[in-house]
Amino acid sequence: MSDESICSESEECAAEDPFGFGDELELNPFDGLPFSSRYYKLLKERQALSVWKVRCEFQEALLNNQLVVVSGTANTGRSTQIPQWSAEFCLSAKYQHGMVVCTQSIGQSAVDLALRVADEMDVNIGHEVGYTIPLENCCSADTILRYCTDHMLLREMMSDPFLEHYGVVVIDQAHERTVSTDILLGLLKGILLQRSGLRVVVLAVPPATDKLVSHYDGVPLIRLEALSPAEDVHSDSGNKDYFFSALRLVLEIHRTKEEGDVVVFLASADEVHCAHSILQREGTRLGAELGRMVPVVLCPRRGGLPPEPPGSRKSRRVFLSTKHGEDMWWATESVNFVIDTGVQKKMVYNPRIRANSEVLQPISQYQADVRRRLCGPTGKCFCLYQEDGQLPAENPAQILESNITPTVLFLKRMEIAGLGQCDFIERPDPEGLMQALEELDYLAALDNDGNLSEIGIIMSEIPLDPQMAKALLASCEFDCASEMLTIAAMLTATSCFLEPPAGRGHEAVQCHRKFQHPEGDHFTLINIYNAFKRSQREQYFTAEKWCQDYFLDHSALKEAEAIRSELTDTLNRIELPISEPFFGTKTNTHNVKRALLAGFFMQIARDVDGSGNYFILTHKHMAQVHPLSGYGPQSHKLGLPEWVIFHEYTLSENNCMRTVSEISPQVYIQMAPMYFFYNLPPSESKDMLDPEGSRNCQDGKQEASTIGGEVDVGCAVVSQSYDRCVIQ
């Protein structure tokens with residue numbers, strides 16, 4: 001089917017009666033059934049989108065080029081229409097090159113778009129149109145258009161490195177510059193050289209498209225007509241006090257009695273929850289004549305917009321969101337006001353200290369434009385920053401601000417699959433790249449030639465960060481895989497601890513204390529998960545009610561349950577042993593700590609003064625235990641452990657370590673002897689671990705170089721290689 005015939009068909013379709021009923025019913029080419037009346041109703045809405053004006057231009061470009069870049073702002077219809085037209089292209093080729101896949105940076109966006117597109121195409125979700133997000137696959141053998149997250153498509157490339165199942169790959173939200181999207185854009189450039197029948201379509205907003213066109217050497221660029229933005233009202237005082245200024249503005253809007261919901265963009269999730277509490281409290285003090293004000297916390301990673309509250313039409317919803325809510329499927333007809341604080345809090349990784357730093361940054365110009373357009377041309381956007389403020393054109397690529405150790409592990413795996421170098425739009429920072437290779441070397445994921453070792457290949461199969469993947473592998477050897485699966489699932493899922501309502505904080509602490517394990521937070525997470533599984537078997541109350549009573553997040557625990565099931569399937573697939581659960585025994589506790597140390601031996605800290613001031617041995621920073629840790633509320637009774645292993649450390653106002661458990665320094669040396677003796681920076685705390693060990697180890701090293709044998713250090717057997725930390 002040529003592009004001319006497709007365009008002529010669309011013109012004929014537009015000229016038909018509203019329901020498309022002529023002498024014969026028109027059949028849907030994707031399922032062979034007659035179109036419903038709803039299809040023609042939605043078709044009129046689609047034809048009103050600005051993207052529809054370039055339909056013929058896009059189809060011609062797709063027919064004659066392997067790669068096409070489409071530049072358009074929000075609400076132009078690019079994310080729904082371009083994939084449908086790509087499906088028509090694959091249908092015209094009788095799917096000889098494959099089907100269509102469209103990536104999104106957030107899973108919920110993939111779900112929302114798939115539901116909308118299935119409705120517009122008049123087909124069933126899960127059949128002709130489907131979606132794949134972490135822990136959920138809604139596709140079948142009949143699926144010809146699939147929405148998925150960019151990370152899921154990368155994982156798929158491990159088994160299908162040249163994406164031979166697909167005829168068209170649509171990379172949406174390329175301007176977000178996520179790590180996974182950047183890798184896809186880099187690898188696809190090489191795949192196109194290998195597959196002449198493959199088509200790639202990149203969708204982005206205008207500031208990012210120029211860089212994409214130059215990166216791909218002058219590919220066709222299709223520009224979409226921008227919609228008229230809302231009226232802008234800028235602040236003259238800047239955004240130093242943006243948080244309370246935004247809340248005051250919400251109350252002022254509500255007092256004007258103007259109709260319409262309000263969207264407020266704040267810098268972080270903590271600010272969103274704080275604003276929700278304040279607005280709830282202030283809402284009870286407003287007069288009844290103003291109507292109800294209903295603050296709503298948006299969770300774009302868990303669901304779309306909530307339904308309108310029942311009852312009076314005077315109810316006004318106030319949506320509180322961070323930058324993650326910008327690409328949600330907004331019901332813009334109800335939103336009349338947008339309050340943009342102009343800032344965002346981001347986690348920026350520092351490879352020198354192997355930790356994230358919380359940084360307050362201005363939003364980019366394209367983010368400001370997206371927010372302005374949420375309320376349509378008749379609404380108002382209040383920008384809490386000066387009009388002449390110099391916002392950056394686009395956000396920095398996340399690959400420059402993230403820990404790229406998982407990325408390097410994936411790219412090493414792709415080299416095995418036959419793909420060459422990844423042609424990044426912006427290459428990763430050399431210091432971050434060296435740190436990633438060093439960490440993989442410590443984890444024994446690389447061989448002496450810098451390629452993936454057998455352990456590294458297995459680690460790349462496990463959908464976890466490399467450190468946790470190594471800990472899970474070690475647990476199979478130490479007969480504690482069941483417990484480590486639970487720990488990995490709980491730490492990968494969203495935090496299960498709910499923010500207690502005002503005035504019930506002490507009650508929540510008392511409830512959480514019932515799960516506390518004396519050995520540390522990792523074991524507390526096992527207690528919580530096991531109690532949750534028992535609650536599912538209770539006859540007299542539901543698991544949801546149990547979670548509510550104990551101030552735990554039911555959806556987070558269900559997510560952990562699904563992650564644990566996926567990890568279990570992965571271990572079974574690669575034929576690794578999973579031991580029976582023996583949680584609670586002294587031997588099992590010891591083995592779990594050994595497994596944790598096998599992966600997280602670089603995350604050790606010592607309490608230097610007995611008051612909770614911990615010295616982190618790897619980078620010599622001071623930190624405290626997070627208040628949500630079990631050691632926090634109980635430290636005055638139980639005392640704080642001297643030596644701990646921690647899961648996460650963030651440079652912020654309090655420099656807190658999250659998920660902390662007690663360890664034995666002797667076991668630490670046994671599990672990571674090479675790292676301890678040859679890579680751990682010198683410090684007083686290191687000397688306290690083993691004052692005689694360093695000298696003995698130096699003598700042993702000299703002897704090993706002469707004899708070529710093995711060195712026995714305490715209980716640990718160390719291999720001959722001294723450039724790497726091989727954990728036996």
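I began with Phe-551, which is buried at a relative accessible area of 4%, where buried means under 20% relative accessible area, exposed over 50% and partly exposed in between, with a 1.4 Å probe and protein chains only. I am working from a predicted model, in which local features need pLDDT of at least 70 and side-chain atom pairs count only at pLDDT 80 or more, while totals for chains, interfaces and linings use all residues. Residues are numbered from 1 along each chain as its sequence is written, and side-chain values use heavy atoms, with hydrogens and water left out.

**Two positive phi values**

I looked up the backbone of Phe-551 and found a phi near 55°, a positive value in a residue other than glycine. Most residues other than glycine have a negative phi. Phe-551 sits in the loop that links helix H19 (543-549) to helix H20 (554-573); helices (H or I, at least four residues) and strands (E, at least two) are DSSP runs numbered from the N terminus. I then turned to Lys-620, also not a glycine, whose phi is positive at about 60°. Lys-620 belongs to the loop between strand S18 (614-616) and strand S19 (622-625), and I noted it as partly exposed, with a relative accessible area of 43%.

**Strand S7 and its surroundings**

I asked myself how many residues of strand S7 (residues 199-204) are buried. The count is six of the six, so S7 is largely enclosed by the rest of the structure. From S7, Arg-199, Val-201 and Leu-203 point one way, whereas Val-200, Val-202 and Ala-204 point the other way.

I next followed the partners of S7, taking two strands as paired if DSSP finds at least two bridges between them. Strand S1 (residues 67-71) pairs with S7 in the parallel sense over five bridges, and Val-70 has Leu-203 as its bridge partner in S7. Strand S6 (residues 166-171) runs parallel to S7 and is joined to it by four bridges, with Val-169 opposite Val-200.

Val-169 came up again when I looked at the largest nonpolar core, which has 115 residues and in which Val-169 and Tyr-668 have the most contacts; such a core is a set of buried Ala, Val, Leu, Ile, Met, Phe, Trp, Tyr and Cys residues joined through side-chain atoms within 4.5 Å. Apart from this core lies another, of 40 residues, including Cys-90 and Val-201.

**Helices H9 and H10**

I recorded that the axes of helix H9 (residues 242-256) and helix H10 (residues 269-283) come within 11 Å and cross at roughly 35°, the axes being lines fitted to C-alpha atoms, for helices over the stretch in contact, with angles from 0 to 180 degrees between N-to-C directions. Among the H9 residues that meet H10 are Phe-244 and Leu-247, and those met in H10 include Ala-275 and Ile-278, contact meaning heavy atoms within 4.5 Å.

**The six-stranded sheet**

I traced an open sheet of six strands in the order S9-S16-S13-S10-S12-S11, with parallel pairing. Strand S9 (231-234) and strand S11 (293-297) are the edge strands, each pairing on one side only. Neighbouring strands of this sheet are turned by 20° against each other on average, direction ignored.

At one edge, S11 pairs with strand S12 (residues 316-321) in the parallel sense over five bridges, and Met-293 stands opposite Arg-316. I last noted that H9 lies across S10, S11, S12, S13 and S16, running at about 160° to S13.
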